[in-house]
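Here is a short walk through one model, written for someone who likes to check each contact on screen. Have the viewer open and follow along.

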Amino acid sequence: MGGMTEFANPATYVVEGILVFFILWKILSARRGRDLFIRRIPGLSVLDEAVGRATEMGKPMLFVPGLGGLDIVGLQAMAIMSHVIKHAANYSTRVIVPLCDPVLYTVAEEVARDAYTTAGTPEQYISDDIRYLTNQQFAWASGVVGIQHREQTATAFYFGWFAAEALILAENGQIVGAIQVAGTPSIIQIPFFLAACDYTIIGDEYYAASAYLSREPTLLGSLVGQDYGKILMIGLVLLGVIGVTVVALTTHLPGLSWLASAVKRYFLDYFPGHS
Amino acid sequence: MFHNIQHFLSPATAKGPWVWAYIGTAIAVGVAALFALMAVPPRYRKMVVVAITFIGGLYFSLEFLLPHGKHGIVGRFANGLTDAKPGVADWVMIVGAFTLLLGTSNLFQVHGKAVRKMSPGWYNSLAFFISFFLIMIFGFLKDAYLGKHGIAGSVGTASEQLFAILFNGFVQNLDAAMFSLVAFYIVSAAYRAFRVKSAEAGLMMVTAGIVMLGLVPVGTLITSWISPHSWLASLRLERLTVWILTWPSMAVLRAIEFGLSVGYLAMSLRIWLSLERGSFFDRQL
């Protein structure tokens, strides 16, 4: 394990290096015009239906970007929000965005204004619809619930980082009869969204959303690169399983103990936490 | 060299007039940077944003990836990057503080309009203004008197008590009340989730039933007739529960986490290299 530090070890360099290579390689090949296939994601295909329903009912839509701040999860929520707003702007449907983080609020304002401008309807941008409520978790949740009930929102999108308030929001969405679509990288909240929402996107589909909605070659390429990365991860898991099994079987066999120590020394020890 | 830079950028030890000198310089540099950015032609402005994003990402990548150590230029460089982290965190906090002002101004705008126009529910907006100013005033008074005269002074004591009533009596209890609603919503969500509409839903219902029973004493009681030492011991409900949570459930969670991590990395890479399209970087800044 020579050269290992508390920050990154050789396995990190190799795995991250390969993942980055796959992603960049696929982005570049997609930009060169290569056709890439992306499977259907039901939760995102429903965008038309969700916007159409709000338009027919003459009620606003709600986009909730969760508790997170200006990080990768928050930025992805903003990317999805941008597509939702562009779509809604074509039907003159309002989108209300209640925010919990002041930094993300400033970004959301810009992204919303930009989305309306791109859709060719800058006059539809209402600054009061991008609302900063508070940075307190449950005070924010009660604010969002209040908006759901007062505005009788027809559609609700929950994309971002959520905690215990996820179920409160989704259940109140049910009460007002909204069609609900959710996606979060917060694994603990996924079951709650599954139980209370009409469509829930799971796991890495959250990061695939902007690619799926925009069909931008750069994003599609990145998505395919991600899939290659996942194949690599599966391979590593299988190697780990084989490695641990070999160690367990050969440690106590005098003739083969060298195999156990070799597997441990050259593979398993580079992945801290294995047992 | 990095320690000197870090010391200069984190003037926590500055005293007397130096504090004001630091504050004045920081404001002057900030304003100058803002004007400089605004003076840059739009097509180059985007390049400035891209460059700043790249440098920020590079800092954190190098800080994590470079081997740290007391010897060798790379080790010392990496140590310097790590030592500079509190300073970088301060910058992030300062930016956050400015945006909090923007957020508060949005609150004032939305609720001020509601009160001015006497729109439905305007009294809720009035309640916002009253509570905002009350907690702010008593908070400031409490802290000011706590610092100068201890909390014993009459104004200090009154402020402390009123702040406690507002914060502990109202804010925390309202927070707890909101959180407690989760318990009721879990019941209604569980009712919908456990309706057996398909084979998969049935399987989930059975699994959830085993896990729920395995976590309560009555569940343990149901299968207590199976000896813990017999070959059937694995069928005891509490053991089945542990098995479900530790193996099948954990495997699925790990699989989702792997996917999420790779997606996170891809998104980070796109943001870092300004490759994200369709949302942030298409517009002419």
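## Strands 4 and 5

Let's begin with one pair of residues: A:F157 has A:V181, in strand 5 of chain A, as its bridge partner. That pair belongs to a longer ladder, since strand 4 and strand 5 of chain A are joined in parallel by five bridges. Please keep in mind that this is a predicted model.

The connection between the two strands is also worth a look. Strand 4 of chain A, helix 7 (residues 165–175) of chain A and strand 5 of chain A form a right-handed β-α-β unit. Strand 4 of chain A is mostly covered, with six of its seven residues buried.

## Strand 1 and its two partners

How many residues of strand 1 (residues 61–66) of chain A are buried? Six of the six are, so this strand is largely enclosed by the rest of the structure.

On one flank, strand 1 of chain A runs parallel to strand 4 (residues 155–161) of chain A, and five bridges join them. Two residue pairs help you find the register: A:V64 stands opposite A:Y158 of strand 4 of chain A, and A:G66 stands opposite A:W161 of strand 4 of chain A. Strand 1 of chain A also pairs in the parallel sense with strand 2 (residues 95–99) of chain A, here over two bridges. In that pairing, A:M61 has A:V95 of strand 2 of chain A as its bridge partner.

Strand 1 of chain A, helix 4 (residues 72–90) of chain A and strand 2 of chain A make up a right-handed β-α-β unit.

## The whole sheet

Putting the strands together gives an open sheet of six strands in chain A, in the order 3-2-1-4-5-6 and with parallel pairing. Strand 3 (130–132) and strand 6 (199–201) of chain A are at the edges, each with a single partner strand, so one side of each has no neighbour in the sheet. On average, neighbouring strands of this sheet are turned by 15° against each other, direction ignored.

For the edge at strand 3, three bridges link strand 2 of chain A and strand 3 of chain A in the parallel sense. One pair to pick out is A:V97 with its bridge partner A:I130 in strand 3 of chain A.

## Helices on the sheet

Helix 4 of chain A lies across strand 1, strand 2 and strand 4 of chain A, and runs at about 170° to strand 1 of chain A. Helix 9 (residues 205–214) of chain A also packs on the sheet, where it touches strand 4, strand 5 (179–183) and strand 6 of chain A. The direction of helix 9 of chain A makes about 100° with that of strand 6 of chain A.

## Reaching chain B

Helix 4 of chain A also packs against helix 11 (residues 248–272) of chain B, at an angle of about 75° and with the axes 10 Å apart. That makes helix 4 of chain A roughly perpendicular to helix 11 of chain B. From helix 4 of chain A, the contact uses A:I72, A:V73, A:L75 and A:Q76, and from helix 11 of chain B it uses B:Y264, B:M267, B:S268, B:R270 and B:I271. These contact residues divide into six nonpolar, two polar and one charged.

## Chain A in numbers

Chain A has 11 helices and six strands. Its C-alpha atoms fill a box of roughly 75 × 45 × 30 Å along the principal axes. Of the 275 residues in chain A, 56% are buried. Among contacts in chain A between residues at least 6 apart in sequence, 72% join residues at least 24 apart.

Key
Residues numbered from 1 in each chain as written. Chains lettered and ligands numbered in written order. Predicted model: local features only at pLDDT ≥ 70, side-chain atom pairs only at ≥ 80, totals over all residues. Heavy atoms only, no water. Buried < 20%, exposed > 50% of the residue type's maximum accessible area, 1.4 Å probe, protein only. Helix = DSSP H or I, 4+ residues; strand = E, 2+ residues; numbered from the N terminus. Pairing = 2+ DSSP bridges. Right-handed = clockwise from strand over helix to strand, strands pointing away. Axes fitted to C-alpha atoms, helices over the stretch in contact; angles between N-to-C directions. Contact = heavy atoms within 4.5 Å. Parallel < 35°, antiparallel > 145°, perpendicular 65-115°, else oblique. Nonpolar A, V, L, I, M, F, W, Y, C, P; charged D, E, K, R; others polar.
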